[in-house]
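Let's take a walk through a protein model together. Have a look at the picture first, and then we'll go from the overall layout to a few individual residues.

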Amino acid sequence: MSNKLNELLTKNYDAEAGYKKAAEIVENPQLKRFFETQAEHRYDFGHELKTEIKNVGGTPEKGTSFTGDAHRTWMTIKDTFTPSDEASILEEVQRGEKTALEEYKEVMADTTLPPTTSSVLTKQVSNIESTLQNVKNFEAVVA
């Protein structure tokens, strides 16, 4: 169980760093604030997951994944994302959040999840689903 939760923790480190990077790139003040807020949410998710990992007897991992690092490196290439290319950034955010939902739901399918862990993950999934809807709304605005 702690391994599965650590995987989600690492993904949240990746998402937090990705949102921070996206906030640096965009010029739209509303989009910038949205990305900053999402980075804060993922930071909070990480702390919640660390508590759950400790509760199941595990040790929380530290740091981002190689895949996440590579993704952020790709996002920093100025030729790929100019400030006016906010639609492409939103597409990447949407892709990442859909992947996060799949990963969360896979962990939540484990019938041995402690009730507190299930509650934390359910709340985080709800937030991610809300974020996905907000991303779709922003896509309509920047398109």
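What follows starts with the whole chain, moves on to how some helices pack, and ends with three residues worth finding on your screen.

First, keep in mind that this is a predicted model. So what is the chain built from? There are 5 helices and 0 strands, and reading along the sequence gives you the pattern α-α-α-α-α. The chain has 143 residues, and buried ones make up 41% of them. As for the outside, the chain exposes about 7,700 Å², with carbon and sulfur atoms supplying 51% of that area.

How much of the contact comes from residues far along the sequence from one another? Take the contacts in the chain with a separation of 6 or more: residues 24 or more positions apart account for 78% of them.

Now for the packing of the helices. Find H4, which covers residues 86–108, and H5, which covers residues 115–142. The axes of H4 and H5 are 9 Å apart, and the two helices pack at an angle of about 160°. Angles over 145 degrees count as roughly antiparallel, and H4 and H5 are therefore roughly antiparallel to each other. Their crossing is left-handed. Sorted by class, the residues of this contact between H4 and H5 come out as 15 nonpolar, 4 polar and 8 charged.

H5 also meets H1, the helix of residues 2–25. Which way does H1 run relative to H5? Their axes come within 14 Å and cross at roughly 30°. Angles under 35 degrees count as roughly parallel, so H1 is roughly parallel to H5. The crossing of H1 and H5 is left-handed. On the H1 side, the contact is made by Leu5, Leu8, Asn12 and Tyr19, while H5 brings Thr117, Leu121, Gln124 and Thr131. By class, that contact has 4 nonpolar and 4 polar residues, and no charged ones.

One of those H5 residues deserves a closer look. Is Gln124, in helix H5, buried or exposed? Its relative accessibility is 0%, so Gln124 counts as buried. Leaving aside neighbours within four places in sequence, Gln124 is in contact with Asn12, Phe45, Glu48, Leu49 and Tyr104. Asn12 should ring a bell, as it is part of the H1 side of the contact with H5.

Next, hop over to helix H2, residues 29–55, where you'll find Gln38. Gln38 counts as buried because its relative accessibility is 6%, and the cut-off for buried is under 20%. Which residues does Gln38 touch, not counting those up to four places away in sequence? They are Tyr19, Asn127 and Thr131. Tyr19 and Thr131 both take part in the contact of H1 with H5.

Our last stop is Glu97, back in helix H4. With 3% relative accessibility, Glu97 counts as buried. Not counting residues up to four places away in sequence, Glu97 touches Tyr19, Arg42, Ile128, Thr131 and Leu132. Try picking out Leu132: Glu97 and Leu132 are 35 residues apart in sequence, while their C-alpha atoms are 6.6 Å apart in space. If you'd like one last thing to trace, select Tyr19 and Thr131, which are touched by Glu97 and also by Gln38.

Definitions and conventions
Residues numbered from 1 in each chain as written. Predicted model: local features only at pLDDT ≥ 70, side-chain atom pairs only at ≥ 80, totals over all residues. Heavy atoms only, no water. Axes fitted to C-alpha atoms, helices over the stretch in contact; angles between N-to-C directions. Helix = DSSP H or I, 4+ residues; strand = E, 2+ residues; numbered from the N terminus. Parallel < 35°, antiparallel > 145°, perpendicular 65-115°, else oblique. Left-handed = near helix turned anticlockwise from the far one by under 90°. Contact = heavy atoms within 4.5 Å. Nonpolar A, V, L, I, M, F, W, Y, C, P; charged D, E, K, R; others polar. Buried < 20%, exposed > 50% of the residue type's maximum accessible area, 1.4 Å probe, protein only. Areas by Shrake-Rupley, 256 points an atom, 1.4 Å probe, with all protein chains shown as cover.
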